[in-house]
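This report walks through one protein model for a reader who has not seen it before. It takes up the sheet, then a pair of helices, then the pockets.

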Amino acid sequence: MYEELKTIIEKAWEERSLLQQAPTQEAVREVIELVDKGRLRTAEPLDEEKSEWRVNEWVKKAVILYFPMQPMRRMEAGELEWYDKMELKHGYEELGVRVVPHAVARYGAYIAPGAILMPSYVNIGAYVDTGTMVDTWATVGSCAQIGSHVHLSGGVGIGGVLEPVQAAPVIIEDHCFIGSRSIVVEGAHVCREAVLGSNTVITGSTHIIDVTGPEPVTYKGYVPPRAVVVPGSYRKQFPAGEYSVSCALIIGRRKESTDKKTSLNDALRDFGVSA
(Lines give C-alpha, C1' and ligand atoms only; values in the text may rest on other atoms or scores of the structure.)
Protein backbone atom coordinates (compact mmCIF):
# COMPACT_ATOMS: atom_id res chain seq x y z
CA MET A 1 0.00 0.00 0.00
CA TYR A 2 2.89 2.32 0.79
CA GLU A 3 5.48 0.81 -1.54
CA GLU A 4 6.16 4.08 -3.39
CA LEU A 5 6.76 5.93 -0.13
CA LYS A 6 8.96 3.11 1.12
CA THR A 7 11.07 3.19 -2.05
CA ILE A 8 11.63 6.95 -1.76
CA ILE A 9 12.58 6.69 1.91
CA GLU A 10 15.00 3.81 1.32
CA LYS A 11 16.73 5.72 -1.50
CA ALA A 12 17.04 8.85 0.64
CA TRP A 13 18.47 6.78 3.48
CA GLU A 14 21.27 5.58 1.21
CA GLU A 15 21.76 8.93 -0.54
CA ARG A 16 21.17 11.79 1.90
CA SER A 17 21.58 14.45 -0.80
CA LEU A 18 18.10 13.43 -1.99
CA LEU A 19 16.74 15.18 1.12
CA GLN A 20 17.34 18.45 -0.71
CA GLN A 21 14.74 17.50 -3.32
CA ALA A 22 11.08 18.43 -2.92
CA PRO A 23 9.63 14.96 -3.76
CA THR A 24 11.77 13.35 -1.04
CA GLN A 25 10.81 15.95 1.53
CA GLU A 26 7.15 15.50 0.65
CA ALA A 27 7.46 11.74 1.08
CA VAL A 28 9.14 12.06 4.48
CA ARG A 29 6.49 14.51 5.66
CA GLU A 30 3.72 12.23 4.41
CA VAL A 31 5.13 9.31 6.41
CA ILE A 32 5.33 11.42 9.57
CA GLU A 33 1.73 12.54 9.04
CA LEU A 34 0.62 8.91 8.64
CA VAL A 35 2.46 7.97 11.84
CA ASP A 36 0.92 10.94 13.63
CA LYS A 37 -2.55 9.75 12.62
CA GLY A 38 -1.86 6.11 13.52
CA ARG A 39 -2.13 4.82 9.95
CA LEU A 40 1.53 3.78 9.90
CA ARG A 41 3.51 2.41 12.83
CA THR A 42 7.21 1.93 13.47
CA ALA A 43 6.29 -1.54 14.72
CA GLU A 44 3.02 -3.45 14.40
CA PRO A 45 1.51 -6.65 15.78
CA LEU A 46 1.38 -9.62 13.43
CA ASP A 47 -0.30 -12.05 15.80
CA GLU A 48 -1.64 -10.57 19.03
CA GLU A 49 -2.30 -13.97 20.57
CA LYS A 50 1.32 -15.00 20.06
CA SER A 51 2.71 -11.52 20.80
CA GLU A 52 4.50 -11.48 17.44
CA TRP A 53 5.51 -8.06 16.12
CA ARG A 54 7.24 -6.65 13.05
CA VAL A 55 9.55 -3.62 13.06
CA ASN A 56 8.96 -1.33 10.08
CA GLU A 57 12.52 -0.16 9.60
CA TRP A 58 11.69 2.15 6.70
CA VAL A 59 9.22 4.07 8.87
CA LYS A 60 11.91 4.55 11.54
CA LYS A 61 14.23 5.77 8.78
CA ALA A 62 11.65 8.37 7.79
CA VAL A 63 11.48 9.59 11.39
CA ILE A 64 15.26 9.95 11.48
CA LEU A 65 15.31 11.73 8.09
CA TYR A 66 12.66 14.16 9.32
CA PHE A 67 15.00 15.71 11.89
CA PRO A 68 17.56 17.29 9.49
CA MET A 69 14.71 18.65 7.37
CA GLN A 70 13.30 20.70 10.23
CA PRO A 71 14.77 24.14 10.97
CA MET A 72 15.48 25.24 14.52
CA ARG A 73 13.02 27.86 15.75
CA ARG A 74 11.90 29.62 18.91
CA MET A 75 8.62 28.50 20.48
CA GLU A 76 6.80 30.41 23.19
CA ALA A 77 3.87 29.94 25.56
CA GLY A 78 3.48 33.05 27.65
CA GLU A 79 6.77 33.60 29.46
CA LEU A 80 7.96 30.07 28.70
CA GLU A 81 10.39 29.67 25.83
CA TRP A 82 11.92 26.76 23.91
CA TYR A 83 14.29 26.44 20.98
CA ASP A 84 13.82 23.27 18.95
CA LYS A 85 13.06 21.92 15.50
CA MET A 86 10.13 19.56 16.18
CA GLU A 87 6.49 20.58 16.17
CA LEU A 88 4.20 19.73 19.07
CA LYS A 89 0.97 17.82 18.73
CA HIS A 90 -2.23 19.90 18.62
CA GLY A 91 -5.99 19.46 18.34
CA TYR A 92 -6.55 17.18 21.32
CA GLU A 93 -10.23 18.07 21.65
CA GLU A 94 -10.90 16.88 18.10
CA LEU A 95 -8.78 13.78 18.74
CA GLY A 96 -10.79 12.88 21.83
CA VAL A 97 -7.72 12.84 24.07
CA ARG A 98 -7.66 14.27 27.59
CA VAL A 99 -4.45 16.22 28.13
CA VAL A 100 -3.62 17.71 31.53
CA PRO A 101 -1.18 20.66 31.76
CA HIS A 102 1.79 20.31 31.32
CA ALA A 103 1.62 17.18 29.19
CA VAL A 104 3.61 17.36 25.96
CA ALA A 105 3.50 15.13 22.90
CA ARG A 106 5.48 15.76 19.76
CA TYR A 107 3.90 15.82 16.31
CA GLY A 108 4.46 12.37 14.81
CA ALA A 109 3.30 10.55 17.95
CA TYR A 110 -0.07 8.85 17.73
CA ILE A 111 -2.38 9.31 20.71
CA ALA A 112 -5.64 7.36 20.31
CA PRO A 113 -9.10 8.62 21.32
CA GLY A 114 -9.81 7.93 24.97
CA ALA A 115 -6.16 8.12 26.04
CA ILE A 116 -5.24 10.35 28.98
CA LEU A 117 -2.00 12.29 29.27
CA MET A 118 -1.24 13.55 32.74
CA PRO A 119 1.78 15.93 32.96
CA SER A 120 4.02 13.67 30.87
CA TYR A 121 5.97 13.41 27.62
CA VAL A 122 5.40 11.36 24.45
CA ASN A 123 8.08 11.45 21.75
CA ILE A 124 7.82 11.26 17.95
CA GLY A 125 7.09 7.85 16.44
CA ALA A 126 5.41 6.54 19.59
CA TYR A 127 1.98 4.89 19.55
CA VAL A 128 -0.37 5.19 22.53
CA ASP A 129 -3.59 3.23 22.13
CA THR A 130 -7.10 3.94 23.37
CA GLY A 131 -7.92 4.02 27.06
CA THR A 132 -4.28 4.21 28.13
CA MET A 133 -3.17 6.57 30.89
CA VAL A 134 0.29 8.10 30.78
CA ASP A 135 0.53 9.22 34.38
CA THR A 136 2.39 12.14 35.95
CA TRP A 137 6.03 12.53 34.87
CA ALA A 138 5.93 9.33 32.85
CA THR A 139 7.79 9.39 29.54
CA VAL A 140 7.13 7.44 26.36
CA GLY A 141 10.24 7.37 24.18
CA SER A 142 10.52 7.58 20.42
CA CYS A 143 8.80 4.74 18.55
CA ALA A 144 7.64 2.99 21.74
CA GLN A 145 4.42 1.02 21.24
CA ILE A 146 1.89 1.23 24.07
CA GLY A 147 -1.27 -0.90 23.83
CA SER A 148 -4.83 -0.16 24.86
CA HIS A 149 -5.98 0.29 28.47
CA VAL A 150 -2.41 0.36 29.76
CA HIS A 151 -1.54 2.28 32.92
CA LEU A 152 1.91 3.84 32.93
CA SER A 153 2.14 4.96 36.55
CA GLY A 154 3.85 8.06 37.89
CA GLY A 155 7.47 8.46 36.88
CA VAL A 156 7.58 5.44 34.56
CA GLY A 157 10.29 5.60 31.91
CA ILE A 158 9.56 3.88 28.60
CA GLY A 159 12.70 4.01 26.50
CA GLY A 160 12.88 5.17 22.92
CA VAL A 161 14.85 3.86 19.97
CA LEU A 162 15.65 5.24 16.54
CA GLU A 163 19.04 3.79 15.70
CA PRO A 164 20.04 1.17 14.86
CA VAL A 165 16.96 1.09 12.65
CA GLN A 166 16.65 -2.69 12.88
CA ALA A 167 16.35 -2.52 16.67
CA ALA A 168 12.90 -3.24 18.05
CA PRO A 169 11.24 -0.47 20.06
CA VAL A 170 9.85 -1.03 23.54
CA ILE A 171 6.48 -2.79 23.32
CA ILE A 172 3.88 -2.70 26.09
CA GLU A 173 0.85 -4.75 25.07
CA ASP A 174 -2.82 -4.27 26.01
CA HIS A 175 -4.05 -4.09 29.61
CA CYS A 176 -0.60 -3.95 31.21
CA PHE A 177 0.05 -2.14 34.47
CA ILE A 178 3.50 -0.58 34.84
CA GLY A 179 4.14 0.41 38.48
CA SER A 180 5.52 3.73 39.64
CA ARG A 181 9.15 4.54 38.77
CA SER A 182 9.55 1.39 36.69
CA ILE A 183 11.84 1.51 33.65
CA VAL A 184 11.39 -0.46 30.42
CA VAL A 185 14.11 0.15 27.81
CA GLU A 186 16.29 -1.38 25.07
CA GLY A 187 13.46 -2.90 23.07
CA ALA A 188 12.06 -4.93 25.95
CA HIS A 189 8.69 -6.56 25.27
CA VAL A 190 6.00 -6.68 27.97
CA CYS A 191 3.16 -8.94 26.86
CA ARG A 192 -0.55 -8.38 27.40
CA GLU A 193 -2.01 -8.07 30.91
CA ALA A 194 1.39 -8.20 32.63
CA VAL A 195 1.94 -6.27 35.85
CA LEU A 196 5.25 -4.68 36.84
CA GLY A 197 5.59 -3.68 40.49
CA SER A 198 7.04 -0.32 41.47
CA ASN A 199 10.72 0.27 40.61
CA THR A 200 10.98 -2.76 38.32
CA VAL A 201 13.70 -2.35 35.69
CA ILE A 202 13.44 -4.29 32.43
CA THR A 203 16.23 -3.90 29.86
CA GLY A 204 17.25 -6.04 26.92
CA SER A 205 19.64 -7.97 29.15
CA THR A 206 17.81 -7.99 32.49
CA HIS A 207 17.35 -11.47 33.93
CA ILE A 208 13.60 -11.94 34.32
CA ILE A 209 13.35 -15.03 36.49
CA ASP A 210 10.13 -17.01 36.87
CA VAL A 211 10.26 -18.36 40.43
CA THR A 212 6.76 -19.81 40.54
CA GLY A 213 7.80 -23.38 39.69
CA PRO A 214 10.17 -25.94 41.21
CA GLU A 215 13.02 -24.64 39.01
CA PRO A 216 13.71 -21.04 37.93
CA VAL A 217 13.06 -20.11 34.30
CA THR A 218 14.94 -17.09 32.96
CA TYR A 219 13.86 -14.70 30.21
CA LYS A 220 15.71 -11.68 28.81
CA GLY A 221 13.96 -8.63 27.43
CA TYR A 222 10.62 -10.43 27.50
CA VAL A 223 7.83 -10.50 30.07
CA PRO A 224 5.26 -13.25 29.37
CA PRO A 225 1.52 -12.56 29.24
CA ARG A 226 -0.19 -11.94 32.60
CA ALA A 227 3.09 -12.20 34.51
CA VAL A 228 3.26 -10.40 37.85
CA VAL A 229 6.79 -9.02 38.18
CA VAL A 230 8.68 -7.38 41.05
CA PRO A 231 12.29 -6.21 41.52
CA GLY A 232 14.74 -8.79 42.80
CA SER A 233 18.41 -9.76 42.84
CA TYR A 234 20.62 -12.80 42.45
CA ARG A 235 24.16 -13.57 43.53
CA LYS A 236 26.92 -13.53 40.94
CA GLN A 237 30.61 -14.28 41.27
CA PHE A 238 33.10 -11.66 40.03
CA PRO A 239 36.92 -11.63 40.20
CA ALA A 240 36.65 -9.32 43.20
CA GLY A 241 34.08 -11.47 44.98
CA GLU A 242 30.39 -12.35 45.02
CA TYR A 243 27.84 -9.57 44.70
CA SER A 244 24.12 -9.08 44.25
CA VAL A 245 22.95 -8.24 40.72
CA SER A 246 19.58 -6.66 40.04
CA CYS A 247 16.96 -8.73 38.25
CA ALA A 248 13.18 -9.01 37.98
CA LEU A 249 11.17 -11.85 39.50
CA ILE A 250 7.98 -13.33 38.11
CA ILE A 251 6.08 -14.24 41.27
CA GLY A 252 2.74 -15.23 39.78
CA ARG A 253 0.15 -14.78 37.02
CA ARG A 254 -2.93 -12.61 36.78
CA LYS A 255 -6.08 -14.65 36.49
CA GLU A 256 -7.81 -14.39 33.12
CA SER A 257 -11.18 -14.36 34.90
CA THR A 258 -10.29 -11.29 36.94
CA ASP A 259 -11.66 -7.98 35.73
CA LYS A 260 -8.77 -6.16 34.06
CA LYS A 261 -9.52 -2.70 35.41
CA THR A 262 -9.90 -3.67 39.05
CA SER A 263 -7.10 -6.22 38.96
CA LEU A 264 -4.41 -3.74 37.93
CA ASN A 265 -3.84 -2.44 41.45
CA ASP A 266 -5.00 -5.62 43.15
CA ALA A 267 -2.77 -8.04 41.25
CA LEU A 268 0.36 -7.27 43.25
CA ARG A 269 -1.52 -7.35 46.53
CA ASP A 270 -2.76 -10.84 45.65
CA PHE A 271 0.86 -11.94 46.05
CA GLY A 272 1.51 -9.90 49.18
CA VAL A 273 3.42 -7.16 47.30
CA SER A 274 2.71 -3.44 47.52
CA ALA A 275 1.60 -1.72 44.31
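## Sheet, helices and pockets

In this predicted model, 10 strands make up an open sheet with mixed pairing, in the order β5-β8-β11-β14-β17-β20-β25-β26-β22-β23. The edges are taken by β5 (98-99) and β23, and each of these has a single partner strand, so one side of each is left without a neighbour in the sheet.

Two of the strand pairs can be described further. Strand β25, residues 227-238, runs antiparallel to strand β26, residues 241-253, and 12 bridges join them. Within this pair, V230 has L249 in β26 as its bridge partner. Strand β22, residues 207-210, also pairs in the antiparallel sense, with strand β23, residues 217-220, over four bridges. Here D210 is found opposite V217 in β23. The link from β22 to β23 is a hairpin of six residues. β23 is also one of the two edge strands named above. As a general point, side chains in a regular strand alternate between the two faces of the sheet.

Next come the helices. How do α1 and α3 lie relative to each other? The axes of helix α1 (residues 3-14) and helix α3 (residues 57-69) cross at roughly 55° and come within 9 Å. Angles from 35 to 65 degrees fall in the oblique class, and α1 and α3 are therefore oblique to each other. The crossing of α1 past α3 is left-handed.

The last topic is the pockets. The largest pocket has a volume of about 450 Å³. Its lining is made of 21 residues, and those closest to the centre are M75, A77, W82, L88 and V104. Three elements give two or more residues to this lining: β3 (73-77), β4 (80-84) and β6 (104-105).

The second largest pocket holds about 230 Å³ of space. It has 15 lining residues, with P45, E48, W53, E173 and D174 nearest the centre.

The table sets out the classes of residue in the two linings.

| Pocket | Nonpolar | Polar | Charged |
|---|---|---|---|
| Largest pocket | 12 residues | three residues | six residues |
| Second largest pocket | four residues | three residues | eight residues |

Which class of residue has 12 members in the lining of the largest pocket? That class is the nonpolar one. In the lining of the second largest pocket, eight residues are charged, and E48, E173 and D174 are among the residues nearest its centre.

Conventions: Residues are numbered from 1 along each chain as its sequence is written. This is a predicted model: local features need pLDDT of at least 70, side-chain atom pairs count only at pLDDT 80 or more; totals for chains, interfaces and linings use all residues. Side-chain values use heavy atoms; hydrogens and water are left out. Two strands pair if DSSP finds at least two bridges between them. On a 1 Å grid over the protein atoms alone, a cavity is a set of points where a 1.4 Å probe fits but cannot get out, and a pocket is an open set with protein on both sides within 12 Å along at least five of seven lines; lining residues have an atom within 4 Å of a point. Grid points are joined across faces, edges and corners, and a volume is the space filled by probe spheres set on the points. Ala, Val, Leu, Ile, Met, Phe, Trp, Tyr, Cys and Pro count as nonpolar, Asp, Glu, Lys and Arg as charged, and the others, Gly among them, as polar. Axes are lines fitted to C-alpha atoms, for helices over the stretch in contact, and angles run from 0 to 180 degrees between N-to-C directions. Angles under 35 degrees count as roughly parallel, over 145 as roughly antiparallel, 65 to 115 as roughly perpendicular and the rest as oblique. A crossing is left-handed if the near helix is turned anticlockwise from the far one by less than a right angle, and right-handed if clockwise.
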